[in-house]
Amino acid sequence: MVAVSSGLTWRHCLASSIRGGVLGVAVLAGSSGAWAATPAADPAQAIRPYTIHVDEAKLSDLRKRIADTRWPDKETVGDVSQGVQLAQVQALVKYWGDGYDWRKAEAKLNALPEFVTTIDGVDIQFIHVRSRNPNAMPLILTHGWPGSQFEFLKTIGPLTDPVAYGGKVEDSFDVVIPSIPGHGFSGKPTELGWGPDRVAKAWDVLMKRLGYSHYVSQGGDHGSVISDALGRLAPPGLLGIHLNAGNRAAGTGQTDQQRRPGPGRADRAGGDGLQLAQPVLRPQRCLRRDDGDPTADHRLSAGRLARRYGRVDV
């Protein structure tokens, strides 16, 4: 396993890692860069075209629920010491309810080659864009939480066609962007156990099912935890991984159970570890000032995320 710097090309980083003896996963010996193999023909492994369409009734219901939000009282201070400010959240919610154009966002995704395939009993939806360069490096990109495939849309062009952006043809990638199970348009697991290690195994199955004998992986935020798990899994054909904005537990060799923050451990986690754990383990920490108001609509506690990230248009 190797985590590489974003300042170098993958091939340069891989070559340096191999020379240094630190690349602990398999590499394709004697190949000039033809990474694709023959996909399996098993019908159970079928890769099916996919088109996103959210029913208008669901969008209308969402807008109604947003409009019906019961707001807490305004903060009593002029700063954010009592949590995200009411006016900021109300402006965000107004945009989300009245200004955000989901159909435009939906069209952006549907303009790309989208597919779905069933792995380990769960439907995995993914974007797959091949470079015109037949020797392009296959790359799987994993989004974070909260996040989605939208994180990577602006990278697809430069990765698959670097020449058009001032790069070199040898820096081309075939790009695979799956939705993590339970996120986006992938299926929801019906059993426990879908931690980073199991998702990583599914990603390896996906890349092999697409016909790639060798590939690399990149992830940020929670995606870095999954990419780290993939690196530790070290399946044949994985050449390297790249991580950014990772949890501090990444790279420790711990199991999913050991990495899971328990009572008290979330408080001791530093940096991103705490930020990633709090919304799941301690949702009341995210509500702050809303806690004591039983009429406030806690569905909009995502205002905390607005405070951290701001508004992102897609």
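A234 sits in the loop between α7 (222-233) and β7, and it's a handy way into this predicted model. Its phi is near 50°, a positive value in a residue other than glycine. At 28% relative accessibility, A234 counts as partly exposed, because the buried class stops at under 20% and the exposed class starts at over 50%. Stepping back, the protein has twelve helices and seven strands, and those seven strands form an open sheet with mixed pairing.

**Confidence and overall make-up**

- The average pLDDT for the protein is 77, and 65% of the residues score at least 70.
- Take residues 13-33 with some care: pLDDT stays under 50 there, although the model gives that stretch 38 contacts beyond four places in sequence.
- Residues 248-252 also have pLDDT under 50 throughout, with six contacts beyond four places in sequence.
- Of the 314 residues in the protein, 41% are buried.
- Among contacts with a separation of 6 or more, 70% are between residues 24 or more positions apart.
- The exposed area comes to about 16,300 Å², and carbon and sulfur atoms supply 55% of it.

**The sheet**

- Reading across the sheet, the strand order is β1-β2-β3-β5-β4-β6-β7.
- The edges are β1 (48-49) and β7 (238-244), each of which pairs on one side only.
- Helix α6 (residues 196-209) packs on this sheet, touching β2 (114-119), β3, β4 (137-142), β5 and β6 (215-220).
- The direction of α6 makes about 120° with that of β2.
- As general background, strands of a sheet pair through backbone hydrogen bonds, in either the parallel or the antiparallel sense.

**β5 and its two partners**

- On one side, β5 (residues 173-178) runs antiparallel to β3 (residues 122-129), and four bridges join the two.
- In that pairing, I127 stands opposite I177 of β5.
- With β4, β5 pairs in the parallel sense, again over four bridges.
- Here I140 is the residue standing opposite V176 in β5.
- β5 is mostly covered, with six of its six residues buried.
- Both of its faces are covered: F173, V175 and I177 are buried on one side, and D174, V176 and P178 are buried on the other.

**The loop between β4 and α5**

- P146 is found in the loop between β4 and α5 (153-160).
- The peptide bond joining W145 and P146 is cis, with omega at about -10°.
- F152 has its place in the loop between β4 and α5 too.
- With a relative accessible area of 8%, F152 is buried, because that value falls under the 20% cut-off.
- Leaving aside neighbours within four places in sequence, F152 is in contact with L141, T142, H143, I177 and Q218.
- One of those partners, I177, is also the β5 residue that stands opposite I127.
- F152 and V175 are 23 residues apart along the chain, and their C-alpha atoms are separated by 9.9 Å.

**Another positive phi**

- D120 has a positive phi of about 55° although it is not a glycine.
- You'll find D120 in the loop between β2 and β3.
- D120 has 47% relative accessibility, so it counts as partly exposed, that class ending at 50%.

**Helix α3**

- Helix α3 (residues 86-99) has 14 residues and reaches 19 Å from its first C-alpha to its last.
- That span is close to the 20 Å expected at 1.5 Å a residue.
- The buried residues of α3 are L86, V89, V93, Y95 and G97.
- An α-helix has 3.6 residues a turn, so residues three or four places apart point the same way.

Note on methods. Residues are numbered from 1 along each chain as its sequence is written. This is a predicted model: local features need pLDDT of at least 70, side-chain atom pairs count only at pLDDT 80 or more; totals for chains, interfaces and linings use all residues. Side-chain values use heavy atoms; hydrogens and water are left out. pLDDT is the predictor's confidence in each residue, from 0 to 100. Contact means heavy atoms within 4.5 Å. The expected span of a helix is 1.5 Å times one less than its number of residues. Buried means under 20% relative accessible area, exposed over 50%, partly exposed in between (1.4 Å probe, protein chains only). Accessible areas come from the Shrake-Rupley method with a 1.4 Å probe; for residues, only the protein chains shown count as cover. Two strands pair if DSSP finds at least two bridges between them. Axes are lines fitted to C-alpha atoms, for helices over the stretch in contact, and angles run from 0 to 180 degrees between N-to-C directions.
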